[in-house]
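Please find below my notes on the model you sent. They are set out as numbered points.

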Amino acid sequence: MEEVIDIVVDFEDYFPSMMEKYGAEWLLGEVCNGFRLLMDAEKGVITFESLKIKSAMLGLGDMEDDEIVCMLSEGDLDGDGALNQLEFCILMFRLSPGLV
């Protein structure tokens with residue numbers, strides 16, 4: 001039998017206040033910058049490998065492989081196992097309920 005671990009993480013959504021202060025165009029630009037930071041430069045998408053490497057560089061090196069797979073699958077709309085820029089932006093805004 002597989003053990004299920006339920007973890008609750010407090011998350012403060014800063015997107016609404018950032019959009020109010022700096023505007024929608026600026027916020028979208030910052031989300032795109034985040035995509036470029038995490039993407040595989042050769043493939044132009046965020047892959048499992050690029051997310052694993054970049055998350056370690058950003059101090060999140062203790063992420064388990066299944067957590068990375070879950071993050072990718074949450075936003076992967078076309079089923080290719082990676083996130084393109086549009087999928088990443090949609091995911092970021094979808095995870096910010098204060099914007100809708």
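Where is the place of D78?

1. D78 sits in the loop that runs between α4 and α5. Bear in mind for this and every later point that the model is predicted. With a relative accessible area of 45%, D78 is partly exposed; the label follows because that value falls between the 20% limit for buried and the 50% limit for exposed. A polar atom of the D78 side chain lies 3.2 Å from the backbone nitrogen of D80. Apart from neighbours within four places in sequence, D78 is in contact with N84 and E87.

2. Those two contact partners lead on to helix α5. At the start of α5, a side-chain oxygen of N84 comes to within 3.1 Å of the backbone nitrogen of L86. The helix itself covers residues 85-94, and E87, F88, C89 and L91 are buried in it. E87 is thus a contact of D78 and also one of the buried residues of α5. The cover over the buried residues of α5 includes α2 and α4, the latter being residues 65-75.

3. Next, the nonpolar core. The largest one has 16 residues, and the members that touch the most other members are I46, L51, L72, L83 and F88. Helices α2, α4 and α5 each supply at least two residues of this core. The most comes from α2, which gives 5 residues. F88, named here among the members with the most partners, is also listed as buried in α5.

4. L72 deserves its own entry. Setting aside neighbours within four places in sequence, L72 is in contact with I46, T47, F48, L51, G81 and L83. Among them, I46, L51 and L83 appear with L72 itself in the list of core members that touch the most others.

5. How many salt bridges does the count come to? The count comes to 2. One of them joins K52 and D65, with the closest N and O atoms 2.5 Å apart. K52 lies in helix α3 and D65 in helix α4, so this pair ties together parts that are 13 residues apart in sequence. K52 is partly exposed at a relative accessible area of 34%, and D65 is likewise partly exposed, at 37%.

6. The other pair is R94 with E74, where the closest N and O atoms are 2.7 Å apart. R94 belongs to helix α5 and E74 to helix α4, so the pair ties together parts that are 20 residues apart in sequence. R94 has a relative accessible area of 42% and is partly exposed; E74 is partly exposed as well, at 40%.

7. On the surface, L37, L58 and L60 form a nonpolar patch, with about 280 Å² of accessible area together. L37 is placed in helix α2, residues 24-38. Its relative accessibility of 45% makes L37 partly exposed. Helix α2 therefore carries a patch member in L37, while it also gives 5 residues to the core.

8. Last, the loop between α2 and α3, where α3 is residues 48-57, holds K43. K43 is exposed or buried, which? K43 is exposed, with a relative accessible area of 56%. The C-alpha atoms of K43 and A82 are separated by 9.8 Å, although the two residues are 39 residues apart along the chain.

Note on methods. Residues are numbered from 1 along each chain as its sequence is written. This is a predicted model: local features need pLDDT of at least 70, side-chain atom pairs count only at pLDDT 80 or more; totals for chains, interfaces and linings use all residues. Side-chain values use heavy atoms; hydrogens and water are left out. Patches are made of residues with over 30% relative accessible area and no salt bridge: like charges are joined within 9 Å, nonpolar side chains (Val, Leu, Ile, Met, Phe, Trp, Tyr) within 5 Å. Accessible areas come from the Shrake-Rupley method with a 1.4 Å probe; for residues, only the protein chains shown count as cover. A salt bridge is a side-chain nitrogen of Lys or Arg within 4 Å of a carboxyl oxygen of Asp or Glu. Helices (H or I, at least four residues) and strands (E, at least two) are DSSP runs, numbered from the N terminus. Buried means under 20% relative accessible area, exposed over 50%, partly exposed in between (1.4 Å probe, protein chains only). Contact means heavy atoms within 4.5 Å. A polar contact is a pair of N or O atoms within 3.5 Å; within protein, one must be able to donate a hydrogen and the other to accept it, and residues adjacent in sequence count only if both atoms are side-chain atoms. A nonpolar core is a set of buried Ala, Val, Leu, Ile, Met, Phe, Trp, Tyr and Cys residues joined through side-chain atoms within 4.5 Å.
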